[in-house]
Amino acid sequence: MKKLKTLILSTLFLSSQVFAQAPVFTSLSNTGKNVLAGVKLEKKDHEPETYILNISADSMQSKKINLPDELIHREIIGIFPAEKGMLLVISQRTVEQGDKPQFHSYDVSTQKWKKLAETDCKSLSKVKIEKASLVVSCSETNSDGNDVESSKRIELTGMAMSKLKEVTFPIVKDDSASLKAELVGDAFEWKELKVGLNNKQKVFKP
């Protein structure tokens with residue numbers, strides 16, 4: 001009986017290793033006080049499960065931000081700080097060609113999520129962040145089979161962005177001020193996040 005139990009446990013362990021891949025980072029953000037990173041865990045024949053890792057520069061400790069049901073299977077491709085303790089989170093299903101990117105606000109203090117918008121864009125190439133809106137650049141294929149780029153404006157009702165800049169996807173490095181952050185590993189398979197402040201550096205895994 002003891003051998004049978006050992007065999008069953010070994011089989012379950014091996015099965016979990018086969019069907020569950022190691023989690024990977026998908027994007028990062030640097031607010032100057034915190035580093036935030038999207039995390040994706042894939043399982044065979046299942047949709048990926050995602051969350052956000054929040055790292056405090058003061059303590060160099062991490063905590064998990066859980067996503068609402070409507071986002072938990074979507075890949076986090078962008079996280080941007082806004083005023084009044086808000087975050088703008090961009091997500092997309094990346095299976096095959098992807099679906100319409102969605103834009104959500106997250107209130108860090110109340111932990112409340114709100115969907116702001118979505119846009120018809122198979123592949124986001126870059127985004128220009130303005131005070132109350134975004135201009136996203138979409139890479140698409142036209143009827144002739146040629147790659148073309150189009151721009152779409154997204155209004156962020158009720159939000160005021162705190163860092164006005166233009167970024168290109170994927171976001172793998174951000175060296176704002178003295179706080180530095182970088183995803184490490186093969187492209188789209190980033191398994192480490194380096195966070196440095198002054199002479200202090202720590203490596204995080206999802």
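Which strand gives the largest share of the lining of the second largest pocket? Keep that in mind; the tour ends there.

**Before you start.** This is a predicted model, where local features need pLDDT of at least 70, side-chain atom pairs count only at pLDDT 80 or more, and totals for chains, interfaces and linings use all residues. Residues are numbered from 1 along each chain as its sequence is written, and side-chain values use heavy atoms, with hydrogens and water left out.

**Whole chain.** Colour by secondary structure. The protein has 1 helix and 16 strands. Helices (H or I, at least four residues) and strands (E, at least two) are DSSP runs, numbered from the N terminus. Of the 206 residues, 40% are buried. Buried means under 20% relative accessible area, exposed over 50%, and partly exposed in between, with a 1.4 Å probe and protein chains only. Now consider contacts, meaning heavy atoms within 4.5 Å. Among those between residues at least 6 apart in sequence, 42% join residues at least 24 apart.

**Stop 1: the β5-β6-β7-β8 sheet.** Select these strands. They form an open sheet of 4 strands in that order, with antiparallel pairing. Two strands pair if DSSP finds at least two bridges between them. The edge strands are β5 (75-82) and β8, each pairing on one side only. Neighbouring strands are turned by 25° against each other on average, direction ignored. Axes here are lines fitted to C-alpha atoms, for helices over the stretch in contact, and angles run from 0 to 180 degrees between N-to-C directions.

**Stop 2: strand β7.** Select residues 102-107. All 6 of the 6 residues in β7 are buried. In a regular strand the side chains alternate between the two faces of the sheet. Here Q102, H104 and Y106 point one way, while F103, S105 and D107 point the other. Next, add β6 (residues 86-92), which is joined to β7 by 6 bridges and runs antiparallel to it. Check two pairs: S91 stands opposite Q102, and M86 stands opposite D107. Then add β8 (residues 112-118), also antiparallel to β7 and joined to it by 6 bridges. F103 stands opposite A117 there. The hairpin of β7 and β8 has 4 residues between the strands, and Q111 takes a positive phi near 60°.

**Stop 3: L116.** Stay in β8 and select L116. Is L116 buried or partly exposed? L116 is partly exposed, because its relative accessible area is 22%. Its C-alpha atom is separated from that of F103 by 5.5 Å, although the two are 13 residues apart along the chain. Not counting residues up to four places away in sequence, L116 touches L88, F103, H104, S105, L156, T157 and M159.

**Stop 4: the β11-β10-β9-β12 sheet.** Here 4 strands form an open sheet in that order, with antiparallel pairing. β11 (147-155) and β12 (166-168) are the edge strands, each pairing on one side only. The twist averages 20° from one strand to the next. Inside, 5 bridges join β9 (residues 124-129) to β10 (residues 133-141). Pick out K128, whose bridge partner in β10 is V135.

**Stop 5: the second largest pocket.** Select N54, K63, K64, I65, N66, Y106, V108, Q111 and W113, which line this pocket. A pocket is an open set of points on a 1 Å grid over the protein atoms alone, where a 1.4 Å probe fits, with protein on both sides within 12 Å along at least five of seven lines; lining residues have an atom within 4 Å of a point. Its volume is about 160 Å³. Grid points are joined across faces, edges and corners, and the volume is the space filled by probe spheres set on the points. By class, the lining has 4 nonpolar, 3 polar and 2 charged residues. Ala, Val, Leu, Ile, Met, Phe, Trp, Tyr, Cys and Pro count as nonpolar, Asp, Glu, Lys and Arg as charged, and the others, Gly among them, as polar. The opening question is answered by strand β4 (residues 62-65), which gives 3 residues, the largest share of the lining.
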